[in-house]
Amino acid sequence: MPGKEVQSINPANGDVLETFTPLTPAGIEAALDKAADRFRSWRNVPLSERAELLNLAADVLEAKAADYARDITLEMGKPLAQAEAEVKKCASACRHYAEHGPAYMQDLTYQTEAHRAFVRHLPMGPVLAVMPWNFPFWQVFRFATPALMAGNVGLLKHASNVWRSALNIEDVFRRAGFPDGCFQTLLIGSGEVEGIIRDDRVRAVTLTGSGPAGRSVAAIAGDSIKPSLLELGGSDAFIVMPSADLDNAVKNAVTARIQNSGQSCIAGKRFFVHADIYDTFAKRYTAAFDALTVGDPMKADTDVGPLATLTIRDELADQVDRSLKGGAVRLTKERTVPGKGAWFAPQILADAHSGTPSTDEEMFGPVANLWKVTSLDDAIARANRSVYGLGSVLFSKDEAEIDQAVRELEAGATFVNSMVASDPRLPFGGIKQSGYGRELAADGLHAFMNRKTVSIA
Ligand code: NAP
């Protein structure tokens with residue numbers, strides 16, 4: 001019996017876009033069998049052929065970027081230009097692993113008494129990826145391209161509001177000519193995840209999403225003694241010191257917070273600005289927020305579209321209310337947003353007290369939290385008070401401050417004089433409750449590989 005039908009809803013206006021029928025238990029069983037069968041041959045496909053297929057996938061992504069982007073925007077509301085940029089970034093990840101994958105997987109030689117000793121990088125098998133809706137293509141390709149290059153096969157359980165995109169991703173690999181079963185989209189709910197992780201045919205699991213989902217998946221993976229990788233939430237600190245180029249700092253602070261309509265794990269969410277420049281920064285930052293265009297995500301001049309669902313909007317509205325009741329002050333102007341759909345006006349909250357959502361929770365939408373700090377020590381101490389540790393930003397030209405921030409900010413990344421961005425050439429991941437493990441670059445490829453030690457006497 002298939003489960004309950006799942007609808008895609010356009011968050012800009014509440015229209016039902018499409019209705020999907022989830023996989024039946026028999027369908028899941030067939031997909032797992034297919035993945036296990038395909039792995040036995042895919043693991044032996046030469047690296048040059050895997051690379052060639054990834055380049056073909058990049059070609060498909062580039063050729064069909066406009067179509068895939070349109071579906072992304074319809075399903076989750078991000079401005080169309082950002083959706084198209086996301087699809088093209090996926091092509092760059094394919095090309096990165098096609099070019100560098102073979103070098104990342106070279107044998108590592110060791111000197112012992114043996115005739116030869118080395119580590120060989122071997123794939124693990126079918127890997128389950130549980131993915132979120134906010135970057136419906138990028139999060140999946142970030143996992144899938146190194147996994148396929150490594151010789152693994154992928155099983156995708158995508159977020160339930162972006163199933164058209166989930167099917168489009170499968171379409172990319174099919175069009176590129178990947179053998180059937182290398183990458184399969186499973187239209188399933190989160191209730192099916194446990195059984196799949198526990199299944200012997202599945203060898204590892206990766207999840208990008210919220211803390212509760214990560215905790216559950218990691219517990220099941222731990223109980224099954226299977227490797228897991230977690231990319232969870234963040235509440236990144238963005239620190240601005242007096243020596244910073246203020247124009248650049250303000251520009252980055254806006255984009256860092258409102259990109260993807262504020263729904264990014266590595267968005268700057270808490271802004272700590274030195275007292276010497278605070279008033280100027282706050283004035284310019286507020287003016288920039290007030291000038292943002294909020295509206296139809298299909299239009300080219302839109303900066304901020306709707307949030308992805310009504311539930312997300314309601315949760316954010318509740319967080320903002322609680323922060324305001326807890327002492328925060330709203331700096332941005334009141335603005336009206338379309339009534340129907342998951343709309344939320346971008347805003348800046350200043351001076352929120354500790355113990356409020358502004359300090360303690362991830363705010364997943366276009367809300368910036370701003371505080372005045374007396375020193376870099378003060379900024380770092382406040383930054384590190386978060387349970388999260390994903391990205392962090394420092395704007396400063398002072399080498400001693402840069403060195404201190406790199407050493408002391410508790411985060412998986414520190415970007416200096418630019419906002420945090422993921423890049424196929426750089427490892428990506430968090431610490432503390434932002435998760436564990438690294439994606440992208442060589443680390444992302446090695447994440448799900450057996451680094452086999454070989455000693456030949
Ligand atoms: P979510 O509710 O955790 O959903 C993410 C995925 O997990 C979806 O496919 C969801 O399926 C599934 N899921 C939810 N509960 C589950 C459970 N108990 N067991 C197994 N699977 C489960 O996350 P979200 O709210 O959609 O996404 C936003 C969060 O992701 C934010 O916290 C954001 O910061 C984080 N994120 C992190 C990164 C990173 O790289 N660190 C990147 C992007 C987003 P259903 O849709 O069917 O419920």
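**Exercise 1. Determine what share of the protein chain is buried, and describe its overall dimensions.**

Solution. Step 1: buried residues, meaning those under 20% relative accessible area with a 1.4 Å probe and protein chains only, make up 57% of the 457 residues. The model is predicted: local features need pLDDT of at least 70, side-chain atom pairs count only at pLDDT 80 or more, and totals for chains, interfaces and linings use all residues. Residues are numbered from 1 along each chain as its sequence is written, and side-chain values use heavy atoms, with hydrogens and water left out.

Step 2: the protein chain contains 15 helices and 20 strands; these are DSSP runs numbered from the N terminus, helices being H or I of at least four residues and strands E of at least two. Its radius of gyration, taken over C-alpha atoms, is 23 Å, close to the 23 Å from the globule rule for 457 residues, so the protein chain is as compact as a globular protein of that length. That rule is 2.2 Å times the number of residues to the power 0.38.

Step 3: the C-alpha trace spans about 65 × 60 × 40 Å along its principal axes.

**Exercise 2. Establish the strand order of the open sheet of 6 strands and identify its edges.**

Solution. Step 1: the order is S7-S6-S5-S8-S9-S19, with mixed pairing; two strands pair if DSSP finds at least two bridges between them.

Step 2: strand S7 (183–185) and strand S19 (435–436) each have a single partner strand, so one side of each lacks a neighbour in the sheet.

Step 3: strand S6 (residues 153–157) runs parallel to S7, joined by 3 bridges, and Leu156 stands opposite Thr185 in S7. Strand S8 (residues 204–208) and S9 are also parallel, with 4 bridges; Val205 has Ser228 in S9 as its bridge partner.

Step 4: in a regular strand the side chains alternate between the two faces of the sheet. In strand S9 (residues 228–231), Ser228 and Leu230 on one side are buried, as are Leu229 and Glu231 on the other, which leaves both faces covered.

**Exercise 3. Locate Met131 and decide whether it is buried or exposed.**

Solution. Step 1: Met131 lies in the loop between strand S5 (126–130) and helix H5 (138–150).

Step 2: the relative accessible area of Met131 is 3%, so this residue is buried.

Step 3: leaving aside neighbours within four places in sequence, Met131 is in contact (heavy atoms within 4.5 Å) with residues including Phe143, Leu156, His158 and Thr206.

Key
Buried means under 20% relative accessible area, exposed over 50%, partly exposed in between (1.4 Å probe, protein chains only).
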